[in-house]
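Student: Hey, got a minute? I'd like to look through this one with you.
Tutor: Sure, pull it up and ask away.
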Amino acid sequence: MGTGRVFREPDGFGQYGVIDENDDGLLCHECGYRYVHLGLHSAKSHDLPAVDYRIKHGLRRSKGLVAAATRETLRVNARSRYTENGPLATSRNLSKANAARLDAARPASAEESAHRDARMTQMRRNSRSGKVVRFEQCGVLFCPLLGISRRRFCGMSCSNRATRNAMLARQRASAERGAAT
């Protein structure tokens, strides 16, 4: 679902995939002015609903289009009106809401795509090497991760056993040296 746009490239008056916020409000990518409630502004002034505004400018769906101070006021007011045991809390179904969001098939924002690409690169870097090795202490077969220094033990119990055996071997060696002199 790529748009061919690059995260943080110039996009109208802002940067693609970036919400620019300061004390005056959020920067509108369409007209360049700052607004406290960008979703309302884009719908009224540019005839662009908030969902379409986010898609057009590569903004995250989870990031609100409301300035931080206003968002906090809205949050406080909502908490005072709707208690945890209120009708909204008892009637909502999170799995249905999540299914509806996934059914809407909205494209990922530029920022989400950039994060996903970074995670995938990291996963490839930490993927298995495809080479099977045998641990020295216990003989268990193991396929190590790429980019990780060579592991000598399969787990903590195996490591502890090896440490204990090495300590006993050193004690025996020193006892033998003491007995030989």
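Tutor: Keep in mind that this is a predicted model. A good place to start is the open sheet, where three strands sit in the order β3-β4-β5 with antiparallel pairing.
Student: Okay, which are the edge strands?
Tutor: Those are β3, residues 21–22, and β5, residues 34–35; each one pairs on one side only.
Student: And how many bridges join β3 to β4?
Tutor: Two bridges, with β4 covering residues 25–27 and the two strands running antiparallel. For one residue match, take N22: its bridge partner in β4 is G25.
Student: Let's zoom out. How many helices and strands does the protein have?
Tutor: Seven helices and seven strands. Going along the sequence, the pattern reads β-β-β-β-β-α-α-α-α-α-α-β-β-α.
Student: New topic: which residues make up the largest nonpolar core?
Tutor: There are seven of them: L26, C28, L38, L48, Y53, L59 and L65.
Student: What is L65 in contact with, leaving aside its neighbours within four places in sequence?
Tutor: Its contacts include L26, L38, Y53 and L59, which are also on the list for that core. L65 also touches I19, V36, H37, G39, A50 and R54.
Student: How much of the protein is buried, then?
Tutor: Buried residues are 19% of the 181 in the protein. As for the surface, about 13,100 Å² is exposed, and carbon and sulfur atoms supply 54% of that.
Student: Last one: what share of the contacts with a separation of 6 or more is between residues 24 or more positions apart?
Tutor: That share is 34%.

Technical notes: Residues numbered from 1 in each chain as written. Predicted model: local features only at pLDDT ≥ 70, side-chain atom pairs only at ≥ 80, totals over all residues. Heavy atoms only, no water. Pairing = 2+ DSSP bridges. Helix = DSSP H or I, 4+ residues; strand = E, 2+ residues; numbered from the N terminus. Buried < 20%, exposed > 50% of the residue type's maximum accessible area, 1.4 Å probe, protein only. Contact = heavy atoms within 4.5 Å. Areas by Shrake-Rupley, 256 points an atom, 1.4 Å probe, with all protein chains shown as cover. Core = buried A, V, L, I, M, F, W, Y, C linked by side-chain atoms within 4.5 Å.
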